[in-house]
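I opened a fresh notebook page for this chain. My plan is to go from single residues to strands, sheets and a pocket.

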Amino acid sequence: MKSKSGIDGISKCMAVLIFSTCVITACSSGDGGDDENVLQLSLTSTSDVPLGQSPNISASQYVKNGLYIINVQQRSTTSGDGADSPAAAPEFSTTTQIEGVDEADRIEYDGEYLYVANLPTWDSQPGTENRVRILKRQDDFSLDVVANIPLESEHEMTGMYLHDERLGVITRKFGYYPLVDAVAITSPWNSPDNDTKIQFIDVATPETPAIPYKLKIDGRLISSRRVGNDLYLAMQYVPTADNLPAVGDSNSSREAYYRRLLELDNSLLVPNITINEQSSPLYHLDDCLVPENASSKNGHVQMLSVVKINMSSPSTYSALCTIVEAEGLFMTHNNMYLHATQGNDTVIHKVSLENGIEYQATGKVRGSFGWNSSPQLKMSERDGYFMAVTTEGLLADNPEHFLHVLTQQGRELEEVASLPNDNEPSPIGKPGEDVYAVRFFEDKAYVVTFEQVDPLYVIDLSDAEAPFISGELTIPGFSSYLHPMENGLLLGIGQQVIGANIPEAGEQPMTTPVEDGMKVSLFDVLDPENPILLNEYVWSDTYTGAEYDYRALSVLKTQTGYRFALPSESWISDEGTFSLHYALQMLEVDSEDRTLSLVGSIDHQQDNENYYGSYDDRSVLHNDHVYYLRGNKVYHALWQQEPPIEGPY
């Protein structure tokens, strides 16, 4: 005897089949030769309406319509064509955007053991460097390798999390688009096989690590975060439809293909989660949320999954499915905001993390986040308000920049304030300037724009619904990353420009300024109406990865201020021959004296390790000791001028 739910499910399936057959029959003449009479569906673009259960279409038919559109319809028509907080730690350094919201990185440290994910070198064989090394700190702060954890050779490291004697190592299968798909209209849908794997490693005894849990989740990892014992993953998945009849040019073959799509088992179209070789669907397809205004003629295939995993017991997980897309996220302890570009606008989806994972609301703002600085640093949340800085006309001669303030009203994120506006018409940035850095801190937002010079804007958000530009400072060069500190101090990391390229007042710029080298600046923003440059250091012909990935910056709060360490990469000329030189620069801020000083540097010893570039170089500050991860080797030194260097380890 079938249960009532089983009978209801069969009835729903029959209703969908009958409805769909009627749609096809009504649209087809049956002779298979009139293309104008073929079933025509509409692919939904990035949606900016609230998500839920549409009264007009189930999530399963919505996805199957999307598969029909991209596999048949498109090809037939295109064939042949929170308030941010500064990082602080009592003994050793950290760097996060939101204190307590951890981000994955290739290095973790608990004060005694250092966990380092190796990167491939130019001369390494596949898989030889794909491992995590565990190094123990000795009493004299030297290091000993006590264990190696091998990783799968065909996967690349995306980052690690360390919490409560459990190490979570995230890797993903990396693939390339075939050349033919790179120029095809369907290429965004035909993503390569790039599933995500997580190894949860018991490091209660780091010398003998154990791997009690191995997880695999189908789909591409967008980003991840950790809060306490909970790991959050945002993932994008595109289903495939296998073992279906070939689609010819006739209407009848397309109708047959569509009918078979509707008959597909829904469990074949959702991502699987595999825990220790045991696989199951991550969720039920018809539990997925779709745009509430979706109709029976709409379709979409990208599934956005938000997954929460308990690091102590990874078999305990929950997942939310929405049939939309996302490009990145911003997260606080309580909420996750996922964003996607829609033409010249940006769509924001809010998900609550307080009681499980619950979709909350959707909104849209004018402009997009661009590419000159991290999108996540252009977003913040405070006192129930979500704030973002966007740009319209990224490729235009005079792009426009906006500050948006939104709040949740029902299932919508409504904009309650913006800059510029009728009462505050002053633009953010001079004509032709792009946004290079944004940082929200307490009730202020700091924005750096640049084309010829570096205006630093201070935006007052004390009344979130009435923001205004309270002050600005213009200096040569630009900052790509801003780090706020207590006592009204702000550190900027970016590039200096050659002064000869800067036009006089009133002159039109004729050429793009030439970057002169890495620059670290200390600003006084205690008086927001009059920001002041206190001091700066410039390294000619030098670059730092901390400009674009703040995880490369190590920060240690001290009794007198802050210590900063950041990797540098310099071009050195010796009688016409150029060579690369790598180092770790060490700087100190005295909060009382309001000064910035260069302590010294740890110069990388050239040892022919065949690892080029410094983007993934890292460091750890532990009291007066410094660990510098250059490539796959760790060096140890003291916090002092011209320190003796130990290692590599």
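Before the first entry I fix one term: strands here are DSSP runs of E with at least two residues, numbered from the N terminus. I also note that the model is predicted.

**Entry 1: overall count.** I looked up the secondary structure first. The chain has 42 strands and four helices. I then checked burial: of the 649 residues, 54% are buried. The exposed surface comes to about 27,700 Å². Carbon and sulfur atoms supply 47% of that area.

**Entry 2: a loop proline.** I picked Pro425. Which strands flank its loop? Strand 26 (412-419) comes before the loop and strand 27 (434-441) after it. Is Pro425 buried or exposed? Its relative accessibility is 57%, and exposed means over 50%, so Pro425 counts as exposed. I also took a C-alpha distance. Pro425 and Ile469 are 44 residues apart along the chain, yet their C-alpha atoms are separated by 9.8 Å.

**Entry 3: strand 37.** Next I went to strand 37, residues 561-574. It is mostly covered, with 10 of its 14 residues buried. I listed its pairings one by one.

- Strand 35 (residues 542-543) pairs with strand 37 over two bridges, in the antiparallel sense. Here Tyr543 has Glu569 of strand 37 as its bridge partner.
- Strand 36 (residues 554-557) pairs with strand 37 over four bridges, also antiparallel. Val555 is bridged to Phe564 in strand 37. The two strands form a hairpin, and three residues sit between them.
- Strand 38 (residues 577-590) pairs with strand 37 over 14 bridges, antiparallel again. Asp574 has Thr577 of strand 38 as its bridge partner.

I looked at the turn of that last hairpin too. Two residues lie between strand 37 and strand 38. Glu575 takes a positive phi there, near 55 degrees.

A reminder to myself for reading side chains: in a regular strand they alternate between the two faces of the sheet.

**Entry 4: a six-stranded sheet.** I then traced an open sheet of six strands. Its order is 7-8-9-10-13-14, and the pairing is antiparallel. Why do strand 7 and strand 14 each have one side without a neighbour in the sheet? Strand 7 (155-163) and strand 14 (278-281) stand at the edges, and each has a single partner strand, so one side of each is left free of a neighbour in the sheet. I also computed the turn between neighbours. On average, neighbouring strands of this sheet are turned by 20 degrees against each other, direction ignored.

Inside this sheet I checked one pair. Strand 8 (residues 166-173) and strand 9 (residues 196-202) run antiparallel and are joined by seven bridges. Leu167 stands opposite Ile201 of strand 9.

**Entry 5: a pocket.** Last, I went to the second largest pocket. How big is its volume? I get about 630 Å³. The lining has 25 residues, and the closest to the centre of the pocket are Ser93, Thr94, Thr95, Asp102 and Glu108. Which strands each supply at least two lining residues? Strand 3 (107-109) and strand 40 (618-622) do. I sorted the lining by residue class. Nine residues are nonpolar, nine are charged and seven are polar.

Key. Residues are numbered from 1 along each chain as its sequence is written. This is a predicted model: local features need pLDDT of at least 70, side-chain atom pairs count only at pLDDT 80 or more; totals for chains, interfaces and linings use all residues. Side-chain values use heavy atoms; hydrogens and water are left out. On a 1 Å grid over the protein atoms alone, a cavity is a set of points where a 1.4 Å probe fits but cannot get out, and a pocket is an open set with protein on both sides within 12 Å along at least five of seven lines; lining residues have an atom within 4 Å of a point. Grid points are joined across faces, edges and corners, and a volume is the space filled by probe spheres set on the points. Ala, Val, Leu, Ile, Met, Phe, Trp, Tyr, Cys and Pro count as nonpolar, Asp, Glu, Lys and Arg as charged, and the others, Gly among them, as polar. Two strands pair if DSSP finds at least two bridges between them. Axes are lines fitted to C-alpha atoms, for helices over the stretch in contact, and angles run from 0 to 180 degrees between N-to-C directions. Buried means under 20% relative accessible area, exposed over 50%, partly exposed in between (1.4 Å probe, protein chains only). Accessible areas come from the Shrake-Rupley method with a 1.4 Å probe; for residues, only the protein chains shown count as cover.
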